[in-house]
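Trainee: I'd like to learn how to read contacts and helix packing. Can we go through it together?

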Amino acid sequence: MTFDVVISGGRVLDGTGAPAFRADIGITGERITAVGRLDPATAGQVIDATGRLVMPGFVDCHAHGDALVFDPQVQLAALRQGVTTFVLGQDGLSYAPGSAATVGYATRYFAAVNGVHPFLDDFPDGAASVADLLAGYDRATALNTAYLLPHGTIRYDVMGAAPGEPSPEQLARMLAHVERGLAEGAVGLSSGLEYLPGRNASSAELAALCRPLGALPYVTHMRAYGAGAGVGMAEVVEIAGASGAPVHVSHLHGPADVLLPLVQGALDREVDLTFDTYPYLRGSTILAMIVLPPQVPAAEVDRALDVLESSSLADWWPTLDGLWPRLTVSHAPGEEWAEGLTIVEAAGRKGVAPAEFCRRLLVDTRLEAGCVVARPDEGPEGEESVRRMLRHPAHTGGSDGIYVGGHPHPRGWGAFARFLGVHVRELGDWTWEQAAVHLAAHPARRFGLLDRGLLRPGMVADVVVVDPATVADLATYAAPRTPATGISEVLVSGTRVLSHGALTGHTPGRALRPTA
């Protein structure tokens with residue numbers, strides 16, 4: 001038997017949780033065709049994995065690469081951590097499906113998270129379907145992409161920024177978007193219930209839109225996290241019960257003493273529930289979501305700016321005095337000098353109060369500012385909560401990587417390498433075998449990508465070669481755009497996309513659809 005590629009001499013972690021075993025991996029075309037003792041002379045290309053681990057490519061269950069997955073530096077950031085697949089369309093907001101006006105809204109409102117898609121002009125009449133978006137990703141990047149239908153985008157396309165319940169006709173139109181998007185290849189439905197317009201939706205609306213999902217998940221940025229996560233999880237359970245849909249909770253962070261009983265309570269009620277976390281104690285999002293009160297119409301930029309130019313928030317700003325030192329500016333178009341500074345530090349340079357600086361920053365960037373935020377539970381207890389959460393069998397890995405801005409959160413460059421270097425090698429929270437399950441096999445199954453996530457004959461050859469002694473995250477809050485180390489060889493669909501730690505320039509990444 002001859003092969004296009006043989007990965008020889010490594011210890012294989014096949015994704016099943018079985019102990020590592022010495023074997024070679026033979027690849028022909030896009031697929032693994034043999035696992036065992038193979039003759040390297042039968043291969044067109046040989047990758048020597050002696051002394052290293054061979055693992056299935058990792059699935060980042062929560063990545064904001066919707067626009068920037070085309071950027072080679074973002075591809076490098078992911079591949080150097082072993083990530084071969086991004087699950088996009090997160091938090092209920094992305095570019096499809098919808099009219100040109102909807103695409104414009106999703107781009108503008110979430111610009112500090114997703115960025116601007118470089119090929120929007122290629123969409124017919126400026127509108128975008130799921131099929132259009134997936135076609136644009138296919139073989140255009142080194143990474144695979146899977147796409148969640150974003151509830152907020154769908155709601156905006158039907159109802160605009162209007163609050164309240166949809167009419168029966170409006171709900172039917174939203175449901176038609178969901179059904180068409182699933183037919184075109186979406187791997188689930190996402191919601192962002194702290195963003196607009198998602199936070200206007202009721203659980204009844206969300207349950208109705210989840211009913212067509214079948215085995216695919218409802219993926220939710222809940223309405224409340226941390227100490228208030230009981231509110232969010234109660235809604236998750238309600239939606240799952242009313243729709244029958246599996247549920248995946250995004251970036252489930254906070255005190256483990258609060259969260260783990262909520263997770264177990266949902267499982268005890270027979271909710272098919274999984275969740276993702278990233279191994280950091282700070283978050284990142286759009287500044288407007290963190291600092292503006294609900295009455296500010298942030299979904300309508302011009303109206304929101306009118307409010308910010310008035311004095312109507314004078315009673316609100318003082319309530320945030322404890323927040324300002326915990327906010328670091330990550331993205332500030334036109335005010336790049338402030339990126340990497342806390343609101344307090346930036347305000348000091350301007351000689352104004354933190355609230356006034358924040359107000360002006362939102363006005364000057366037209367709400368496009370982004371931030372990194374230190375959570376109140378940061379400290380030894382927070383680190384222990386991170387460890388306890390990721391050890392739960394319902395856990396999967398997600399970076400929540402945001403690649404926009406001059407000073408983003410380091411998680412997009414380091415989360416998966418940190419899982420391996422810190423939580424496997426140093427702390428022993430997982431075995432290496434368990435890491436392959438949490439980061440590859442489990443998420444692949446969750447999103448219906450049944451021909452990935454395992455190293456077996458017949459599976460697609462998304463393969464990562466890991467040096468267990470050196471894999472580590474190097475990105476920090478001070479230097480967030482630093483690629484990880486310890487992973488220098490990666491294949492996507494059988495093609496070598498990372499060689500000796502550098503991009504090869506090949507773009508075999510596929511726009512993935514659920515496997516029948």
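Mentor: Sure, let's start with contact, which means heavy atoms within 4.5 Å. Here, aspartate 451 touches Arg31, Met459, Val460 and Thr515, leaving out residues up to four places away in sequence. One caution: this is a predicted model, where local features need pLDDT of at least 70 and side-chain atom pairs count only at pLDDT 80 or more, while totals for chains, interfaces and linings use all residues. Residues are numbered from 1 along each chain as its sequence is written, and side-chain values use heavy atoms, with hydrogens and water left out.

Trainee: Is aspartate 451 buried or exposed?

Mentor: Buried means under 20% relative accessible area, exposed over 50%, and partly exposed in between (1.4 Å probe, protein chains only). Aspartate 451 has 16% relative accessibility, so it counts as buried. Proline 294 counts as exposed because its relative accessibility is 62%.

Trainee: And how do I describe two packed helices?

Mentor: You give the angle between their axes and the distance between the axes. Axes are lines fitted to C-alpha atoms, for helices over the stretch in contact, and angles run from 0 to 180 degrees between N-to-C directions. Helices (H or I, at least four residues) and strands (E, at least two) are DSSP runs, numbered from the N terminus. Helix α8 (residues 229–243) packs on helix α9 (residues 256–268) at about 15°, with axes 10 Å apart.

Trainee: Which residues in α8 and α9 meet?

Mentor: Ala229, Gly230, Met233 and Val237 in α8 meet Leu259, Leu262, Val263 and Ala266 in α9.
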